[in-house]
Amino acid sequence: MCRSIKTLRPPAIPEDATEAEIRAAALQFVRKVSGFRAPAAHNREVFDRAVDAVAAATAELLAGLEVRGRTREAAPAATDGG
């Protein structure tokens, strides 16, 4: 649908998606669906609410996904030199 929206889940990106990346994807989605790159002043509020809603839904989706071969707590264990 929108080639400029990048995949935000592992293994496409090794770390968790940032809030900024999620918001950027939501903005691109709302722009594509609405047909507006930047809405007129009278549409700004509804446009911004849609971006917020899509970003929240995206964050919820990413938090709930389980990717095979990757645990939720994928941080490497610290090793001490001794």
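In this predicted model, helix α1 covers residues 19-34, and its 16 residues should span 22 Å at 1.5 Å a residue. The C-alpha atoms at the two ends of α1 are 22 Å apart, which agrees with that expectation. Four residues of α1 are treated here as its buried set: Ile22, Ala25, Ala26 and Val30. Because these residues cover an arc of only 135 degrees around the axis, they are placed on the same side of α1. The buried residues of α1 pack against α2, which runs through residues 44-64.

Another residue of helix α1 is Ala24. With a relative accessible area of 41%, Ala24 is partly exposed; the class of partly exposed residues lies between the cut-offs of under 20% for buried and over 50% for exposed. Ala24 and Ile5 are 19 residues apart along the chain, and their C-alpha atoms are separated by 8.0 Å. Just after α1, Gly35 adopts a positive phi of about 85 degrees.

Helix α2 contains 21 residues. From the first C-alpha of α2 to the last, the distance is 30 Å, close to the 30 Å expected at 1.5 Å a residue. The buried residues in α2 are Phe47, Val51, Ala55 and Thr58. Seen down the helix axis, the buried residues of α2 fall within an arc of 70 degrees, so they line one face of the helix. On the other side of α2, Glu45 and Glu60 are exposed. The packing partner of the buried α2 residues is α1, just as the buried residues of α1 pack against α2.

Both helices also contribute to a pocket. The second largest pocket holds about 170 Å³ of space, and its lining consists of 14 residues. Lys6, Leu8, Thr58, Leu61 and Leu62 are the lining residues that lie nearest the centre of this pocket. At least two residues of the lining come from α1, and at least two come from α2. Thr58 therefore appears in two of the descriptions given here, as a buried residue of α2 and as a residue of the pocket lining.

For the protein chain as a whole, the secondary structure comprises two helices and zero strands. The chain has 82 residues, of which 17% count as buried. Its accessible surface comes to about 6,500 Å², and carbon and sulfur atoms account for 55% of that area. Among contacts between residues at least 6 apart in sequence, 56% join residues at least 24 apart.

Key
Residues are numbered from 1 along each chain as its sequence is written. This is a predicted model: local features need pLDDT of at least 70, side-chain atom pairs count only at pLDDT 80 or more; totals for chains, interfaces and linings use all residues. Side-chain values use heavy atoms; hydrogens and water are left out. Buried means under 20% relative accessible area, exposed over 50%, partly exposed in between (1.4 Å probe, protein chains only). Contact means heavy atoms within 4.5 Å. Accessible areas come from the Shrake-Rupley method with a 1.4 Å probe; for residues, only the protein chains shown count as cover. The expected span of a helix is 1.5 Å times one less than its number of residues. The arc is that of the directions from the helix axis to the C-beta atoms. On a 1 Å grid over the protein atoms alone, a cavity is a set of points where a 1.4 Å probe fits but cannot get out, and a pocket is an open set with protein on both sides within 12 Å along at least five of seven lines; lining residues have an atom within 4 Å of a point. Grid points are joined across faces, edges and corners, and a volume is the space filled by probe spheres set on the points.
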